[in-house]
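Biologist: Hello! I am new to this structure; could you walk me through it?

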Amino acid sequence: MAPMGIRLSPLGVAVFCLLGLGVLYHLYSGFLAGRFSLFGLGGEPGGGAAAGPAAAADGGTVDLREMLAVSVLAAVRGGDEVRRVRESNVLHEKSKGKTREGAEDKMTSGDVLSNRKMFYLLKTAFPNVQINTEEHVDAADQEVILWDRKIPEDILKEIATPKEVPAESVTVWIDPLDATQEYTEDLRKYVTTMVCVAVNGKPVLGVIHKPFSEYTAWAMVDGGSNVKARTSYNERTPRIVVSRSHSGMVKQVALQTFGNQTTIIPAGGAGYKVLALLDVPDKSQEKADLYIHVTYIKKWDICAGNAILKALGGHMTTLSGEEISYTGSDGIEGGLLASIRMNHQALVRKLPDLEKTGHK
């Protein structure tokens, strides 16, 4: 007997096709939603998740403990470039223009190469966070610098558990070479590389690395640190560290405020000045009781120091006592006052003339 033919109902075919289209629509809409969600967090399609930490792979959260580990590594790697260029004595020095005080705003190969290492190490590890850096990042020089996902024992000892935050709340501030002026003058003790992590504009994680002595200070607010405050500070006749290249009128006003017995310490680099307030085991590091700055300053210069001081119970504010937000613009107009183990607000009230000077 010949096989019987199968007759398909036109209505059945239509229903089958509609069901198929429904399944395809469901699958494709889910795919698109995932893509748009990733873009909304600042990521890129397929965004290099395999190279980054597990917490960053879903684009939703990052672990501050992992960010600290990568920040320390980035500061050290950048410092290696800074030291290598300086020791080669081929700096390729050039000017980016003038500062507001009329000084040359210099840049060297040390700045550029350190910036490249630091930026791409952090960006590869944490592709979904915003990174602000002092130097321009050229896409043609892009590097994929992988992190081995290992958190150093000294960090694990201080911070035992992960600290997750939304990736979109994080802003990283990089200073690939602080104290470039002093770097060109071969005043090596002032030079640092710095990384800061701010969450919702508040500094929570700071790293300051000294490439030429290979000393690194780090701290996390409500976490831990490898550096501490000194046992005592002089509040009546303090030693005040100020900028040697952007000092403005701070020397004169500080002497008027605290008296002629006050010691003024001119120094280069904001990172160096913050370390001057702490107990740092570096023989080249000077000691101070206060850090005062009265002119415009960039946030990548001060964010790391602000985070470290805050983690240790200290303070860094504008001269009028306002907290500094690490979002939006890349600089602050109101000068700054940094202290630790002192009555910070009493110091703010004592410096009204400095506050006015800072806005000139």
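Here are some questions and answers about a predicted model.

Biologist: In what order do the six strands of the open sheet run?

Modeller: The pairing in this sheet is mixed. Its edge strands, β4 (130-133) and β10 (224-225), each pair on one side only. From one edge to the other, the order is β4-β6-β7-β8-β9-β10.

Biologist: Which residue of β7 is the bridge partner of I174?

Modeller: Strands β6 (residues 170-178) and β7 (residues 192-199) pair in the antiparallel sense, over seven bridges. In β7, the partner of I174 is V195.

Biologist: What angle does the direction of helix α9 make with that of β8?

Modeller: Happy to help! Helix α3 (residues 64-88) packs on the sheet, and its direction makes about 30° with that of β8 (202-210). Helix α9 (residues 299-311) packs on the sheet too, touching β4, β6, β7, β8 and β9. For α9 and β8, the angle is about 105°.

Biologist: Is R86, which forms a salt bridge with D186, buried or exposed?

Modeller: The closest N and O atoms of this pair are 3.5 Å apart. D186 sits in the loop between α6 (180-184) and β7, and R86 in helix α3. D186 is partly exposed at 38% relative accessibility. The relative accessible area of R86 is 7%, and the cut-off is under 20%, so R86 is buried.

Biologist: How many residues apart in sequence are the parts tied together by D289 and R230?

Modeller: The side chains of D289 and R230 meet in a salt bridge at 3.3 Å, N to O. D289 lies in the loop between β14 (278-279) and β15 (290-293), while R230 lies in the loop between β11 (228-229) and β12 (239-243). The pair therefore ties together parts whose separation in residues is 59.

Key:
Residues are numbered from 1 along each chain as its sequence is written. This is a predicted model: local features need pLDDT of at least 70, side-chain atom pairs count only at pLDDT 80 or more; totals for chains, interfaces and linings use all residues. Side-chain values use heavy atoms; hydrogens and water are left out. Two strands pair if DSSP finds at least two bridges between them. Helices (H or I, at least four residues) and strands (E, at least two) are DSSP runs, numbered from the N terminus. Contact means heavy atoms within 4.5 Å. Axes are lines fitted to C-alpha atoms, for helices over the stretch in contact, and angles run from 0 to 180 degrees between N-to-C directions. A salt bridge is a side-chain nitrogen of Lys or Arg within 4 Å of a carboxyl oxygen of Asp or Glu. Buried means under 20% relative accessible area, exposed over 50%, partly exposed in between (1.4 Å probe, protein chains only).
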